Amino acid sequence: MKVFHISNTADAETILKDGFRDVMGFHHAGQEWTGVWVSSEPLAWSERQYLNSANTVFTIEIPEESIAEFEWVEEGKMIREWLIPAKLINSYGLSVVTDDY
């Protein structure tokens, strides 16, 4: 399946040079998470105000069964989301990069 990761230009350059890296953060109710955020749709981040500077879309082809355990399931979402370990996502490489997001 194709999954998408949106980033700003500076982060995109780092990803292209060094690959994805795990990011730690907090989700609803203070739940800590670690991984690389990807989604089933490339435009999902456009609805999130803190990523207004995002202008690069990465597309990664990865078998759905390889990432099933990392899906971030929430009721009522219109898209699917995952938090995938960087080591796993980097093993599949980048298939498409566009900066016209």
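Two strands are taken to pair if DSSP finds at least two bridges between them. With that criterion in place, I would like to present this chain, which is a predicted model. Strands E1 and E4 are joined by 6 bridges and run antiparallel. Within that pairing, Ile6 stands opposite Val57 of E4.

Let me place these strands in the overall arrangement. The chain contains 3 helices and 6 strands. Followed along the sequence, these elements give the pattern β-α-β-β-β-α-β-α-β. The chain has 101 residues, and 34% of them count as buried. As for contact order, consider the contacts between residues at least 6 apart in sequence: 75% of them join residues at least 24 apart.

I return to strand E1, which covers residues 2–7. Of its 6 residues, 5 are buried, so E1 is largely enclosed by the rest of the structure.

After E1 comes helix H1, residues 9–18. At its start, a side-chain oxygen of Asn8 comes to within 3.2 Å of the backbone nitrogen of Ala10. Just after the helix, Gly19 adopts a positive phi of about 90°.

The next residue to consider is Phe20. The chain has 1 aromatic pair by the rule applied here. Phe20 and Phe58 form an edge-to-face pair, because their ring centres are 5.6 Å apart and their planes stand at 70°, where an angle over 60 degrees is the cut-off for that class. Phe20 lies in the loop between H1 and strand E2 (23–27), while Phe58 belongs to strand E4, so the pair ties together parts that are 38 residues apart in sequence. Both Phe20 and Phe58 are buried.

Phe20 also leads us to the interior. Which residues touch the most other members of the largest nonpolar core? They are Val3, Phe20, Val38, Ile60 and Ile89, in a core of 14 residues. The elements contributing two or more residues to this core are H1, strand E3 (31–39), strand E4 (56–61), strand E5 (81–84) and helix H3 (86–90).

Val38 deserves a closer look. Setting aside residues up to four places away in sequence, Val38 touches Val3, Phe4, His5, Arg80, Glu81, Trp82, Ile84 and Ile89. Several of these names will return when we turn to strand E5 and to the salt bridges.

Strand E5 is joined to E3 by 4 bridges, and the two strands run antiparallel. One position in this pairing is Ser39, whose bridge partner in E5 is Glu81. In a regular strand, side chains alternate between the two faces of the sheet. Are the two faces of E5 covered or open? Both are covered: Glu81 and Leu83 on one side, and Trp82 and Ile84 on the other, are all buried.

Leu83 serves as an example from this strand. Its relative accessible area is 11%, so Leu83 counts as buried, the threshold being under 20%. Beyond its neighbours within four places in sequence, Leu83 is in contact with Trp33, Thr34, Val36, Trp37, Phe70 and Trp72. Leu83 and Asp22 are 61 residues apart in sequence, yet their C-alpha atoms are 9.1 Å apart in space.

Finally, I come to the charged side chains. How many salt bridges does the chain contain? The count comes to 2. In one of them, the side chains of Glu64 and Arg80 meet at 2.9 Å, N to O. Glu64 lies in helix H2 (residues 64–67) and Arg80 in the loop between H2 and E5, so this pair ties together parts that are 16 residues apart in sequence. Glu71 also meets Arg80 in a salt bridge, with an N to O distance of 2.9 Å. Glu64, Glu71 and Arg80 are thus linked in a network of salt bridges.

Are these three residues buried, partly exposed or exposed? Glu64 is partly exposed, at 35% relative accessibility. Arg80 has a relative accessible area of 29% and is likewise partly exposed. Glu71, at 25%, also counts as partly exposed.

To draw the parts together, Arg80 takes part in the salt-bridge network and is also touched by Val38, itself among the core residues that touch the most other members. Phe20, another of those core residues, forms the edge-to-face pair with Phe58. That concludes the presentation.

Notes
Residues numbered from 1 in each chain as written. Predicted model: local features only at pLDDT ≥ 70, side-chain atom pairs only at ≥ 80, totals over all residues. Heavy atoms only, no water. Polar contact = N/O pair within 3.5 Å; in protein donor to acceptor, adjacent residues only side chain to side chain. Core = buried A, V, L, I, M, F, W, Y, C linked by side-chain atoms within 4.5 Å. Buried < 20%, exposed > 50% of the residue type's maximum accessible area, 1.4 Å probe, protein only. Contact = heavy atoms within 4.5 Å. Salt bridge = Lys/Arg side-chain N within 4 Å of Asp/Glu carboxyl O. Phe/Tyr/Trp six-rings, centres within 6.5 Å; stacked < 30°, edge-to-face > 60°.
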